[in-house]
Amino acid sequence: MPETMTDDGARRSDAIAIARVICILGVVYVHAWTGLNGEALNALRGTAQENLRWLLMELFGRSAVPLLGLISGWLVAGSSGTRYWRRHVRRKARTILLPMILWNGIAILLVSSAALTLGLSAPVPRSLWWVVNEMLVLTRNPDINVQMGFLRDLFLCMVAAPLLVRAPGWALGIIALVAAACHVTGLGPPVLMRASILFFFTLGIVARRGAWEGRIIRLPLLLALLPFALLMGAQLYRAIMVGDGEAVLAQRTLDLAVRLSAVVAFWRIAWALARSRARATLLRIEPFVFLLFCAHLILIWLGGPLLGKLTGPLGSPLYPLYLILQPLLVLVAVVALGRILRRVAPRAAALLSGGRL
């Protein structure tokens, strides 16, 4: 029995690492280079390529991200470090907040400089307040590194974690319900950029107490994937037949249901991959995925148009191949960057990766 428990614990640790890899790779699809502005994208709505882009974004990007928040809550619920609030917050500031600020500063320096000197179509500083907001994510998501709202909200959840892990189950239920209601009604900013992050973080604490992860892994794989597949079908039908801006509350409620089913599906997939031939490769990638999360949009801003010259923008014959390969292309660049940093500037590598490299 002790050996079995140890084996399960090791597999669960591997599954968590693998879940991070597949979730963060999926995030790249949300921000993939298209070569078009919003108006041009709307004009292509309903075309095969735009539907492919939407499917990849929803399937691997927005639907996978909630699992990252839930895993964070699950891990913090089992950490003894949360007993000491100052030490806990200091550690999370070093591993979450500081990298967020540094990468936002790098994004302004590189992307805005390219816009001002090379004509890149990208945001440029408009005022001192814009720069402050862009770096610290005080009242809005950044214009360049838009994904950093997740780290900002996750850090706030971590600040509250010592209270949350001590709260009774009924209190956590109320917090989760309020966060879900805020997501559905569009409330949250500027306190939280995405109230759904608090919802899934709190749900992770509840899941730890109820050992939900063990119940999910006992589900047959197809049964775990079925709710996600059905709800994604409903989401796709609504996107094509109804469109955005109609019945917003119903759309956001469906969106939350899709994300919940995605948590079950992706955790079950990660558990299966933890005993597959892909395990070793995925675990080798895992130390670089935080760097991938922080740096991928900078690489897409700067490198997307260059590679896009070979394939053309969305709507071009070769674009679907470029779209599908973008996460892997960005990953190759990030792994190379991480290895170079580790060799020539280990302190910078530690700071920028939150100690993960």
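Q: Why is L225 called partly exposed?
A: The relative accessible area of L225 is 24%, and the term partly exposed covers what lies between buried, under 20%, and exposed, over 50%, with a 1.4 Å probe and protein chains only as cover, so L225 counts as partly exposed. This is a predicted model in which local features need pLDDT of at least 70 and side-chain atom pairs count only at pLDDT 80 or more, while totals for chains, interfaces and linings use all residues. Residues are numbered from 1 along each chain as its sequence is written, and side-chain values use heavy atoms, with hydrogens and water left out.

Q: Where is L225 found, and what does L225 touch?
A: L225 belongs to helix 11, residues 221–241, where helices are DSSP runs of H or I with at least four residues, numbered from the N terminus. Setting aside residues up to four places away in sequence, L225 touches A265 and I269, a contact being heavy atoms within 4.5 Å. The C-alpha atoms of L225 and L331 are separated by 26 Å, and these two residues are 106 residues apart along the chain.

Q: How do you know that I144 is buried?
A: I144 has a relative accessible area of 1%, and because this value falls under the limit for buried residues, I144 is called buried. The residue sits in the loop between helix 6 (128–136) and helix 7 (148–164). Not counting residues up to four places away in sequence, I144 touches A107, I108, V111, S112, P123, W130, E134, L297 and W301.

Q: What makes the pair R275 and D14 a salt bridge?
A: The closest N and O atoms of R275 and D14 are 3.9 Å apart, and a salt bridge is defined as a side-chain nitrogen of Lys or Arg within 4 Å of a carboxyl oxygen of Asp or Glu, so this pair qualifies. R275 lies in the loop between helix 12 (248–273) and helix 13 (279–285), whereas D14 lies in helix 1 (residues 2–30), so the pair ties together parts that are 261 residues apart in sequence. With a relative accessible area of 44%, R275 is partly exposed, while D14, at 13%, is buried.

Q: Why do the side chains of R279 and D14 count as a salt bridge?
A: The N to O distance between R279 and D14 is 2.8 Å, so the pair satisfies the salt-bridge rule. R279 lies in helix 13 and D14 in helix 1, so the pair ties together parts that are 265 residues apart in sequence. R279 has a relative accessible area of 30% and is partly exposed. By this rule the count of salt bridges comes to nine, and R126, E134, R140 and D143 are linked in a network of them.

Q: How do you know that R53 and E50 form a salt bridge?
A: The closest N and O atoms of R53 and E50 are 3.0 Å apart, so the rule is met. Both residues lie in helix 3 (residues 48–62), three residues apart, about one turn of the helix. R53 is buried, with a relative accessible area of 11%, and E50 is buried as well, at 10%.

Q: Why is helix 3 called roughly parallel to helix 15?
A: Helix 3 and helix 15 pack at an angle of about 5°, with their axes 11 Å apart. Angles under 35 degrees count as roughly parallel, over 145 as roughly antiparallel, 65 to 115 as roughly perpendicular and the rest as oblique, so helix 3 is roughly parallel to helix 15. The contact is made by Q49, L52, R53 and L56 of helix 3 and Y319, P320, L323 and I324 of helix 15.

Q: What makes helix 8 oblique to helix 12?
A: The axes of helix 8 (residues 169–185) and helix 12 come within 8 Å and cross at roughly 130°. Because this angle falls in none of the named ranges, helix 8 is oblique to helix 12. Residues of helix 8 in the contact include H183 and V184, and those of helix 12 include L249 and R252.

Q: Why is L321 called exposed?
A: L321 has a relative accessible area of 53%, and because this is above the limit for exposed residues, L321 is called exposed. L321 is found in helix 15, and is one of the residues that form a nonpolar patch on the surface, together with L307, L310, I324, L325, L328 and L329. The largest share of this patch, five residues, comes from helix 15.

Terms used: Patches are made of residues with over 30% relative accessible area and no salt bridge: like charges are joined within 9 Å, nonpolar side chains (Val, Leu, Ile, Met, Phe, Trp, Tyr) within 5 Å. Accessible areas come from the Shrake-Rupley method with a 1.4 Å probe; for residues, only the protein chains shown count as cover. Helices (H or I, at least four residues) and strands (E, at least two) are DSSP runs, numbered from the N terminus. Axes are lines fitted to C-alpha atoms, for helices over the stretch in contact, and angles run from 0 to 180 degrees between N-to-C directions.
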